[in-house]
Amino acid sequence: MKKISPLNAVVWTQFLSAFADNLNFFLIVGLVSRQGLSDPDGMVTYIQMAFLFAYVILAPIVGAFTDKKAKSHVLLLGNILKATGIFLLLCGLPPAICYFFVGVGAVVYSPGKYGILSELTTNEGELLRANAQVEGSTILAILLGTVAGGFLAVNSDLPAILVCLFIYLLSLAMTFLVPFKAGNPNIRYQQAAGQFFHDLVKLFRNSRSRFSLLGTGAFWLTASVLRIALIAWLPLNLGITDTDQQSMIIGVTALGVVGSAFLTPKLVPEGRLYRGFYYGIGMVCAVMAANFTNEIWLTVTLLFITGVMGGIFLIPLNTMLQEEGKTAVGSGRTIAVQNFVENSLTVIGLFLYLMMRKMDVSVNSSVVGIGVVLTFFFIYLAFMIRAIRASYSRKETT
C-alpha cells in the first residue's frame, strides 16, 4: 500500500475537518428552524458571530502557540476542540455556547493548517500549488459538507450531530499521519499579545501583505454574509424553503471555487500573484447581479461564477501573504493576524447585515448594502495595484 505523503496527509485532515465545519452550518439552520423562532435568520447570524468571536479574542496568542508547538500537534488539538463543541451540542447546551467551542478549535487549527505548508515546500511555486491543493480540497469539503448538512438537517438534528462528530474524530485520526517537526520552544506566551499587535502593524506597513490581508478579508466577509443572506433570500425570491435544496444551491458557489483551484496556477502565474485582484472584481459583479435575479438557472450560474472568480482571487493572495509573512514575522503569527483581520471584518459585515434586517431593510437591499461596502474595499485595493506591481518588478531585478 502506497504511503500517504506529508502534504497529502495535510490535505486529507483539512478536507475532513472542513467537511464537518460546513455540515455545521445547515445543522444550525435546521436546529433553529425547528425551534419556531420569529427571526430564525437573525438567530443563525448570532450563532455564526459567536463562532467568529473566538478568532478575534484568541488571535493575539494563537500564532505564538502555533509557532511554539509542532504544527501536527496544533492540528490535533484543533480537531479535539471542534469535536468537544459538537459533543456539547449533543448534550443539549445552547448552540451559541457550543459553536463558540467549535470556533476555539477552528482558531487553533487554522494557523497550523497554513503554517505547515511553508514547512513542506521550498519555493513560491511549490507553495502556490500546495495552497491550490488545500484550497481546492477545502472548497470541495465545503460543497460536500454543505449538501450533506442540508440533507441531514431536514427532519432531525441528531443524524447531523452524530455524523459531524464522527468526521471530526476521523480528521483527528488523520493528523497522526502529518509529520512531526518541533516548533520554537523559546517563544513566551506572556509576550505574545504585545508581539501580535506589533506583527499586525508590521504586516500592514508592507504593501503586499496589506493588500493580501484586506483582499482575503473582503472575500470572507462576502462569503459569510452571502451564505446567511441566501437562507432568507431563496424562499422570498425563488420559493425554495427546504434545507436540502438550499444547501445544493449554496454549494454551487463552492463548486466554482473547486474549479478555480485548477485554473489559478494557469491564470495567475508565479511572480504575478497580484493579478488575482482582477478576478475579485468579477466576483463582486457576479454577487451583485445574482441579487437581482428571479430565475433559478441564472441564480445558479451567477453563484458558480462567483465561486470561480472568488477562488482565483483568494488563492494567490494567500500565497502572497504566506511568502511575505514567513520572513517578516513567522508563518504561524502571520496566519493569526490574517484570521484576526478576516474574522473582524466578517463580524462587522454580519453585524451590519443584522442591523439592516433589524431596521426592516429587505434582504435584497441588505445584500446590495454589503456589496457597496465590498466595492469600497476594491476601490482601495485598486489604488494599491501599481505599488504591488512595482514591488514584484524590484524583486525580479534583485
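**An all-helical predicted model, from one loop residue to the whole chain**

Asp360 lies in the loop that joins α12 to α13, the latter spanning 363-397. In this predicted model, the residue has a phi near 65°, a positive value in a residue that is not glycine. Asp360 is also open to its surroundings: its relative accessibility is 69%, so it counts as exposed.

The loop is a handy starting point for a look at the helices. Helix α12 covers residues 331-358 and includes Ser344. With a relative accessibility of 18%, Ser344 counts as buried, because the limit for that class is under 20%. Setting aside residues up to four places away in sequence, Ser344 touches Val56 and Asn339.

Leu221 belongs to helix α8, which runs over residues 207-238. This leucine is buried, since its relative accessibility is 4%. Beyond the neighbours within four places in sequence, Leu221 is in contact with Leu345, Thr346, Gly349, Ile370 and Phe377. The C-alpha atoms of Leu221 and Leu350 are 7.9 Å apart in space, although 129 residues separate the two in sequence.

A second leucine, Leu152, sits in helix α5, residues 124-152. Its relative accessibility of 26% places Leu152 among the partly exposed residues, because that class lies between 20% and 50%. When neighbours within four places in sequence are left aside, the contacts of Leu152 are Leu23, Pro159, Ala160 and Val163. Leu152 and Leu354 are 202 residues apart along the chain, and 27 Å lies between their C-alpha atoms.

The cysteines deserve a word of their own. A disulfide is a covalent bond between the sulfur atoms of two cysteines. The structure holds zero of these bonds. For Cys91, the closest cysteine sulfur is that of Cys98, at 8.1 Å, which is too far for a bond because a disulfide needs the sulfur atoms within 2.5 Å. Cys164 is likewise in no disulfide, and its nearest cysteine sulfur, again in Cys98, is 11 Å away. As for accessibility, Cys91 counts as partly exposed at 46%, whereas Cys164 counts as buried at 0%.

Stepping back to the whole chain, the protein is built from 13 helices and zero strands. Read from the N terminus, the order of elements is therefore a plain run of α, with no other symbol in it. The radius of gyration is 20 Å, which agrees with the value near 21 Å for a compact globule of 398 residues. Along the principal axes, the C-alpha atoms fill a box of roughly 60 × 45 × 45 Å.

Contacts and burial complete this overall view. Of the contacts between residues at least 6 apart in sequence, 85% join residues at least 24 apart. Of the 398 residues, 59% count as buried. The accessible surface comes to about 16100 Å², and carbon and sulfur atoms account for 68% of that area. Charged side chains number 27 positive and 19 negative, with 10 Å between the centres of the two sets.

Key
Residues numbered from 1 in each chain as written. Predicted model: local features only at pLDDT ≥ 70, side-chain atom pairs only at ≥ 80, totals over all residues. Heavy atoms only, no water. Helix = DSSP H or I, 4+ residues; strand = E, 2+ residues; numbered from the N terminus. Rg over C-alpha atoms; globule rule 2.2 N^0.38 Å. Buried < 20%, exposed > 50% of the residue type's maximum accessible area, 1.4 Å probe, protein only. Contact = heavy atoms within 4.5 Å. Areas by Shrake-Rupley, 256 points an atom, 1.4 Å probe, with all protein chains shown as cover. Lys, Arg positive; Asp, Glu negative; His and termini not counted. Charge placed at Lys NZ, Arg CZ, Asp CG, Glu CD.
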